[in-house]
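Open the structure in your viewer and keep the sequence panel visible. The stops below are given in the order in which to select them.

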Amino acid sequence: MSMLNVANLDVWFGRDRDRVDAVKAASFEVAQGESFGLVGESGSGKSTILRAIMGLAPTWSGSITVGATPVTKKRPKAFYKQVQMVFQDPYASLHPRHSVDAVLGETLQLHGFKDIDARVVKLLDDVGLGQKFRFRYPHQLSGGQRQRVAIARALAPEPALLLLDEPTSALDVSVQAEILNLLADLRQEHNLTYLMVSHDLSVVGHMCDRLAVMKDGEIVEIMDVAALRATKATHPYSQHLLQASV
Amino acid sequence: MMDTLLDVENLWVKFPTRQGIFDAVRGVSFTLGRERLGIVGESGSGKSMTGRAILRLIRPPGIVEADHIKLEGADLLTKSEKEMRAVRGQRISMVMQDPKFSLNPVMTIGDQIIEAYRLANKSSKSAAYAKSIEMLNAVSIRDPERVMRAYPHEMSGGMGQRIMIAMMLIPNPEILIADEPTSALDVSVQRQVLDIMDKLVKERGMGLIFISHDLNLVADFCDRVLIMYSGRIVEVCEADKLHQAQHPYTQGLLNSLPRLDAPRDRLEVLRRDPEWSETASVSGRI
């Protein structure tokens, strides 16, 4: 069963003379429980696809289907219970004056949970942070710990699909390994589907089953990871990308 | 015998805090010849602080202490602030991580490069303009006339970084300190910027200190590598032998990288040994 289906997606910014087509006719499908990667250089539109799915880029056309329901311009609350996003920069994506407890508690309350206290405890355990971090503020946490809080916040509504926008690019390699392991464990435990954006082919090769290569807003190639490992890209641009990163 | 450009002996960088003095760099010694010297480590390992301390760019209340920091025999620590200004940019240049925060946002690229050039050389405006165009060409920027008229926000990250390098190279410095010059760039652009720096080191005989957290990049690009951990050098090795590194910290860092050619279910997580930060710094002198 497909978890996410994107067909003919166009995203643009500005109008008339200043119009920029950030994504052009992108189509792909992510199966339930799969982990799908989007790679490409900056400006290729990979993050814009995630933002369009999430409703953060309002000017789009085409069709996005999550589960069995087509996504409309105005997203119902149920949508956000199903889809959540983790952003690139853990230093910018947490409110500097809200404690970890407030960040997670607010999200849980918005989604109508009643047993907030028990759930905050469980979420912190799930992401490997433990209770002593519950009443800390973001500036008292390291980059890796902040990203764990951001992941905990995304997991709070018990989503089925997680959109990961370069979740480790702001972190050190040793911390990156911890976060990638955590994401792999969580996917197994909660039966999650991932759509992951990264410019690092080795990270995508580690985390994903299939990937799409993007260039100038277009998907030039969709391949599985076995082909990536065997450096059997067919499109010249993906070959170029592979060579540059080995 | 390679001639020594820079000689750093027992460098400490200290910051007084409410909890006592924090040592960001603890007794680091190394020399730099006409080579590409890499400094790698995680964030907080003191690698950027080492680069800034050489130029005495650590502001009070931060304290820089060393037995000596000698630039071709002259100790930088005994120089006055005015004399240091003749060193910074003219003899030792620094390229910072993010071009967005290093260029003046309200001045055109051209005005900034011309200003840098005329500070270093007495020359007319038109001569400075011609020289600036030549520098932009040297860092492979297409259409330099247009770029000279443009403002920094109109440039992409890769172009911004190349403009920074062009500006740094105008006074023809002996040493270039590059602090994560490519971490904000895409892989394909990364290569171009590295090639430019490589060419300059070879052609002009500059010494390069390349600060980075990317082990593979450093192994590929540099001649010699210092590996830093909590303010100390834990290992020094030839860059092409980095993958045979002996220290458990270096090995741990290398193992925590995902690799395309060797897939694994789980990545190895670095286990930190408190002993690493206790053992004395390894000397990076030749």
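**Stop 1: the sheet of chain A**

Select strand β4 (residues 60–66) of chain A together with β5(A): the two pair in the antiparallel sense over two bridges. Strands pair here if DSSP finds at least two bridges between them. Helices (H or I, at least four residues) and strands (E, at least two) are DSSP runs, numbered from the N terminus. Pick Thr65(A) next; its bridge partner in β5(A) is Pro70(A).

This is a predicted model, in which local features need pLDDT of at least 70, side-chain atom pairs count only at pLDDT 80 or more, and totals for chains, interfaces and linings use all residues. Residues are numbered from 1 along each chain as its sequence is written, while chains are lettered from A and ligands numbered from 1 in the order in which they are written.

Extend the selection to the four strands of the open sheet in chain A, whose order is β2-β1-β4-β5 with antiparallel pairing. The edges are β2 (20–31) and β5 (69–70) of chain A; each has a single partner strand, so one side of each has no neighbour in the sheet.

Now add helix α1 (residues 46–54) of chain A, which packs on the sheet and touches β1 (2–13), β2 and β4 of chain A. Contact means that the C-beta atoms of two residues, placed from the backbone, lie within 7 Å. The direction of α1(A) makes about 75° with that of β2(A); axes are lines fitted to C-alpha atoms, for helices over the stretch in contact, and angles run from 0 to 180 degrees between N-to-C directions.

**Stop 2: strand β1 of chain B**

Move to strand β1 (residues 6–17) of chain B. Which strand does β1(B) form a hairpin with? The partner is β2(B), with two residues between them. These two strands pair in the antiparallel sense over ten bridges, and Pro16(B) has Ile21(B) as its bridge partner in β2(B).

Select strand β4 (residues 63–65) of chain B: three bridges join this strand to β1(B), and the two run antiparallel. Trp12(B) is bridged to Glu65(B). Strand β5 (residues 68–71) of chain B pairs with β1(B) over four antiparallel bridges, including that of Leu6(B) with Leu71(B).

**Stop 3: where the chains touch**

Show both chains. The contact takes 20 residues from chain A and 21 residues from chain B. On the side of chain A, α6(A) gives the most, with six residues.
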